Amino acid sequence: MDYSYSPQTEYVYYVAAPASTNAEEIKRDVRAAYGNVAEANNKRQGCGNGRSCCGVTAKPDEAYFQELGYSKEEVASVPEGCNMGLGCGNPQAIASLKPGEIVLDLGAGGGFDAFLAAKQVGPSGKVFGVDMTPEMLSKARSKVASSSYQNVEFLLGEIEHLPLPDSAVDVIISNCVINLSTNKSAVFNEAFRVLKEGGRLAISDMVAYKPLPKEMVENAELYCNCISGAVTINELKMILAKSGFIDIIIEPQESSRMFIKDWVPGSDAENYVVSAKIKAVKPRKKGS
């Protein structure tokens, strides 16, 4: 399929399976939180806790970016303003991207990881970023329009309902986004669908060491801050396997506790959740 044009993805923005009122409320809260972050960043203002996955500082926090796993060179190489420090790791470090590959970034936000991926796959490759927040999408698209990037495209959509056809991409990356979904099975089912045979998943996300207490799970602030939506490592492995993935590897990053404790001070989150490197593969059919 030719992706050289801009698909009319806006029309699938609210295509969603029936969900509970609570799930829809969470989705609205998450969309509003990240919309506020994008608008604040556009105005060069701070919003929320700048050392979290749901806040931004008025000035870039280079030390925090390095804690997440990015080099100074990576931070300096992308369009100004697209890096808001909203992740919990660096999916580029585990994706092993190659020139010519087609990449999908789930929850691309302002486009930071997508632009880094575009450099790695080169002009013969392609990167798609999907995000459900219009303010983030506008920000990312504006960076494409004002830069020399010709191999990046940002699509409006939900990660549970991806606006891409079957077997369309080689690699899926994501940075601290899937934990925000209330239907993680749908996310990974869709990821499996759009990956080519032999395609791989390479994401940074939050996992729980143990089930979170009820008061944390029901806390909207903690959910938007990528804490209370995290599932246990075993549960995540089961979801991935049920979606069809093989070669599943989940590597908790103990050092991430140091910055997680700053996300919502006093929440005790660092004793329940941790960032992890998550890898999996879509198997090839026998004989292919």
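User: What share of the contacts with a separation of 6 or more comes from residues 24 or more positions apart?
Analyst: In this predicted model, such pairs make up 75% of those contacts in the protein chain. Contact means heavy atoms within 4.5 Å.

User: Any ground rules on numbering and confidence?
Analyst: Residues count from 1 along each chain as its sequence is written, and side-chain values use heavy atoms, leaving out hydrogens and water. Local features need pLDDT of at least 70 and side-chain atom pairs 80 or more, while totals for chains, interfaces and linings use all residues.

User: How many helices and strands are there?
Analyst: Eleven helices and eight strands. These are DSSP runs, numbered from the N terminus: helices are H or I with at least four residues, strands E with at least two.

User: How much of the chain is buried?
Analyst: 55% of the 288 residues. Buried is under 20% relative accessible area, exposed over 50%, partly exposed in between, with a 1.4 Å probe and protein chains only.

User: Why is helix α5 largely enclosed?
Analyst: Eight of its ten residues, within 112–121, are buried, so the rest of the structure largely encloses α5. Among them are F112, F115, L116 and V121.

User: What follows α5?
Analyst: G122, with a positive phi near 70 degrees.

User: New topic. Where is S167?
Analyst: In the loop between β3 (152–156) and β4 (169–175). Its phi is positive, near 50 degrees, though S167 is not glycine.

User: And C176, buried or exposed?
Analyst: C176 is buried, at 2% relative accessibility. C176 sits in the loop between β4 and α7 (184–194). Its phi is positive too, near 60 degrees.
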